[in-house]
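Welcome! Take a moment to look at the sequence and turn the structure around before reading on.

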Amino acid sequence: MKSRFLDFRSDTVTKPTAGMLEAMMSAKVGDDVFGEDETVAALEQKLALMFNMEAGLFCPSGTMTNQIAIKCFTQPMDEVICDQTAHVYRYEIGGIAYHSGASVRLLYGDRGILTPELIEPEINEDNIHYPNSSLVVLENTVNKGGGKCYTLDQIAPIHHLCNIKGLKLHLDGARVFNALVATGDKASAYGKYFDGISICLSKGLGAPVGSVLLGSQDMITKARKIRKAFGGGMRQAGFLAAAGIYALDHHVERLKEDHAHAKALAVALARTGFVKSIMPVETNILIFEVAKGTAQKIVDQLQEKGLHCNTTSASTIRLVTHLGLNQSMIDEAIEIILHL
Ligand SMILES: *Cc1c(COP(=O)(O)O)cnc(C)c1O
């Protein structure tokens, strides 16, 4: 029997639930470029309040929120410090160079997690030869680090270092709600540590489109203008913002289920012969290394049985859990894994 399409490729594949569609259909909208969409404004305010930041800006994608933040916080010839696995560096098409004219200093954290000890020596002295170090970007959770989380205890000393050295601190929080649910940290505590926070609504939260950038009032005023220059000013975007509001009200607590599902898959994988090692699972991302042969071969075999996932290198595979995968689908995936 051929199984259902079990889609573990990414948490971006979710489709709006019936409740979310209803919220979208009944949204009050206006022209947001004219500042007249009350649902967009409500979403921006809701997240700003939640994270104890002054203001928010709704954008079409997480790439756009990150790149706008980087443009706000740098000048051409500046340098951005981030981990070598960072989405802003690897998966945003060299946007740091293209949009901001800045260079990048790559650090090698443990599964993408940076520390003040790693960052401090890489901050340039004032010297005619050196780019000006102006921004540190953290990612929480770390996608390429197998969904590893920063805790606030780890973020606070990085903020302290940036503060005394005069660098801005931006969070690529594409999956920050997964981190909050896993660590038990409070969203409201984030506001005092970050100058910018980028949050995806279209990942684990299950909205079809959208990310929100948070920052100070001044920063968001500047960001709004940069968004327009990037072609990201949207008109009746309240239909999409309504999905985001619905997701924040209904899909945050349930992220725990995705995390439990990812852990159950890891237990199953550990019992098979084709897995060499598994990155400890903290959230909804599971990355494992294959014991022999290529990762692509295992991906093809899994796909043949209905389990869809992707490689992350020649020898590693990523599975991502999300609200489109319920318990019975996870059980089915575990059967496929155990009998591959
Ligand atoms: C998905 C993702 C983004 C943004 O991606 P978009 O597809 O542009 O919304 C940013 N950072 C990380 C870590 C991500 O996983």
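Which residues does Leu 319 touch, not counting residues up to four places away in sequence? The list is Phe 8, Leu 265, Asn 284, Ile 285, Leu 286, Phe 288, Leu 307 and Cys 309. Keep in mind that this is a predicted model.

**A residue in a strand**

You can find Leu 319 in strand β13, which covers residues 316–320. Leu 319 has a relative accessibility of 2%, so it counts as buried, the cut-off being under 20%. One of the residues it touches, Cys 309, is 10 residues away along the chain, and the C-alpha atoms of the two are separated by 5.7 Å.

**A group of rings**

Now let us turn to the aromatic side chains. A pair of aromatic rings is described by the distance of the centres and the angle of the planes. A search of the whole structure finds 4 aromatic pairs. Two of these involve Phe 51, as the table shows.

| Pair | Centre to centre | Angle between planes | Kind |
|---|---|---|---|
| Phe 51 and Phe 177 | 5.6 Å | 80° | edge-to-face |
| Phe 51 and Tyr 190 | 6.0 Å | 90° | edge-to-face |

Both pairs link distant parts of the chain. Phe 51 is in the loop between α2 (38–50) and β2 (55–59), while Phe 177 belongs to helix α8 (residues 176–183), 126 residues apart from Phe 51. Tyr 190 sits in the loop between α8 and β7 (196–200), and 139 residues separate Tyr 190 from Phe 51.

Are these rings buried or exposed? Phe 51 and Phe 177 are both buried. For Phe 51, the relative accessible area is 0%. Tyr 190 also counts as buried, because its relative accessibility is 0%. Together with Phe 194, the residues Phe 51, Phe 177 and Tyr 190 form one aromatic cluster.

Another ring has a charged partner: the charged end of Arg 235 sits over the ring of Phe 34, at 5.6 Å from the ring centre.

**A helix to check with a ruler**

How far apart are the end C-alpha atoms of helix α10? They are 18 Å apart. This helix has 13 residues (238–250), and at 1.5 Å a residue it should span 18 Å, so the two values agree. Among the buried residues of α10 are Ala 241, Ile 245, Tyr 246 and Leu 248. The buried residues of this helix pack against α1 (18–25), α2, β2 and α8.

**Around the ligand**

The ligand has 13 residues around it, and those that come nearest are Gly 62, Thr 63, Asp 172, Arg 175 and Lys 203. Some side chains can be described by their polar atoms. For Asp 172, a polar side-chain atom lies 2.6 Å from a nitrogen atom of the ligand. In the side chain of Lys 203, an N or O atom is 2.9 Å from an oxygen atom of the ligand. Asn 143 has a polar side-chain atom 3.5 Å from a ligand oxygen atom.

Finally, look at His 87, which lies in helix α4 (residues 87–90). Why does His 87 count as buried? Its relative accessibility is 18%, and the cut-off is under 20%. Leaving aside neighbours within four places in sequence, His 87 is in contact with Thr 63, Glu 92, Glu 139, Asn 143 and Asp 172. You have already met some of these names: Thr 63 and Asp 172 are among the residues that come nearest to the ligand.

Methods: Residues numbered from 1 in each chain as written. Predicted model: local features only at pLDDT ≥ 70, side-chain atom pairs only at ≥ 80, totals over all residues. Heavy atoms only, no water. Helix = DSSP H or I, 4+ residues; strand = E, 2+ residues; numbered from the N terminus. Buried < 20%, exposed > 50% of the residue type's maximum accessible area, 1.4 Å probe, protein only. Contact = heavy atoms within 4.5 Å. Phe/Tyr/Trp six-rings, centres within 6.5 Å; stacked < 30°, edge-to-face > 60°. Lys NZ or Arg CZ within 6 Å of the ring centre and 35° of its normal. Expected span 1.5 Å × (residues − 1). Near = heavy atom within 4 Å. Polar contact = N/O pair within 3.5 Å; in protein donor to acceptor, adjacent residues only side chain to side chain.
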